[in-house]
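Open the model in your viewer and show the backbone as a cartoon. This tour takes the whole chain to begin with, then a few places to select.

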Amino acid sequence: MLSFYNVISAQLGAPSDIRSLQNRCLTPGLYNTHLERWLTHYPVDQLIIIDGQQLRRDPAAVMEEVQKFLGVTPHYNYTRTLKFDQQTGLWSQLLEGGKTKCLWSKGQEYPPMEPEARSYLSRYYREHNIDLSKLLHRLGQPLPSWLREELQKVS
């Protein structure tokens with residue numbers, strides 16, 4: 001059983017299944033690469049960039065922004081259908097009869113990331129994050145809070 005750190009830091013000679021898993025772990029975080037690819041197919045005014053931490057903190061407000069961006073009318077009132085569950089610390093969808101359905105990973109808890117894994121990821125994504133910040137600046141988009149924090153580590 002390999003740790004997360006062992007998977008993400010595997011070297012070129014590692015078994016193909018480990019390298020495949022490594023790729024599935026690391027590639028999604030190349031936000032700049034993915035965004036650049038989208039921009040080859042769509043003009044910037046047709047893309048909305050959402051801060052995932054803001055979505056977790058206040059999903060109703062973010063969904064309101066999405067509706068405005070898309071020009072959805074009539075607006076759906078998410079503040080009446082989403083509820084913050086103090087017990088789990090997560091947002092839930094309000095269902096009929098007062099029941100709720102968790103919006104995030106079914107409320108699953110994950111162990112804290114290993115410090116060496118976090119350090120490795122910061123180094124791995126450093127240049128990609130710098131490029132992402134330049135792209136977002138060029139597009140007139142605000143930097144998400146996580147990216148500002150990562151860039152402070154760089155300077």
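Begin with the overall spread. A compact globule of 155 residues would have a radius of gyration near 15 Å, but this chain has 19 Å. Bear in mind that the model is predicted. Along the principal axes, the C-alpha atoms fill a box of roughly 55 × 40 × 30 Å.

**The whole chain**

Colour by secondary structure. You should find 7 helices and 3 strands. Now trace the chain from the N terminus: the order of elements is α-α-α-α-α-β-β-β-α-α. Five helices are therefore followed by three strands and then two helices, with helices and strands taken as DSSP runs numbered from the N terminus.

Switch on the surface. The chain exposes about 11,300 Å², and carbon and sulfur atoms supply 54% of that area. How much of the chain counts as buried? Of its 155 residues, 26% do.

Colour the charges next. There are 18 positive and 16 negative ones, and their mean positions are 2 Å apart.

Contacts can be sorted by separation in sequence. Take those between residues at least 6 apart: 38% of them join residues at least 24 apart.

**Select residues 20–103**

An unreviewed UniProt entry places the feature "domain: Sulfotransferase" here, at residues 20–103. This stretch is 40% helix and 14% strand. Its end C-alpha atoms are 29 Å apart.

**Select Ile48**

Ile48 sits in the loop between α3 (31–39) and α4 (52–57). Is Ile48 buried or partly exposed? Its relative accessibility is 34%, so Ile48 counts as partly exposed. Show its surroundings. Beyond its neighbours within four places in sequence, Ile48 is in contact with Glu65, Val66 and Phe69. Draw a distance from Ile48 to Phe69: these residues are 21 apart along the chain, yet their C-alpha atoms are separated by 7.4 Å.

**Select Thr73 and Pro74**

Move on to Pro74, in the loop between α5 (59–70) and β1. Look at the peptide bond that leads into Pro74 from Thr73. This bond is cis, with omega near -5 degrees. In general, most peptide bonds are trans.

**Select Leu82**

Strand β1 covers residues 82–85, and Leu82 lies in it. Leu82 has a relative accessible area of 12%, so it is buried, the cut-off being under 20%. What does Leu82 touch, leaving aside neighbours within four places in sequence? Its contacts are Pro59, Ala60, Trp91, Ser92, Gln93 and Leu103. Show these side chains around Leu82 as sticks. For a longer view, draw a line from Leu82 to Cys25. The two are 57 residues apart in sequence and 30 Å apart in space, C-alpha to C-alpha.

**Select Ser145**

Finish at helix α7, residues 145–154, where you will find Ser145. Its relative accessibility is 15%, so Ser145 counts as buried. Which residues does Ser145 touch, not counting those up to four places away in sequence? They are Asp51 and Gln53. Display both beside Ser145 to see these contacts.

Methods. Residues numbered from 1 in each chain as written. Predicted model: local features only at pLDDT ≥ 70, side-chain atom pairs only at ≥ 80, totals over all residues. Heavy atoms only, no water. Helix = DSSP H or I, 4+ residues; strand = E, 2+ residues; numbered from the N terminus. Rg over C-alpha atoms; globule rule 2.2 N^0.38 Å. Buried < 20%, exposed > 50% of the residue type's maximum accessible area, 1.4 Å probe, protein only. Contact = heavy atoms within 4.5 Å. Areas by Shrake-Rupley, 256 points an atom, 1.4 Å probe, with all protein chains shown as cover. Lys, Arg positive; Asp, Glu negative; His and termini not counted. Charge placed at Lys NZ, Arg CZ, Asp CG, Glu CD. UniProt positions renumbered as here; feature names shortened; annotations may be inferred.
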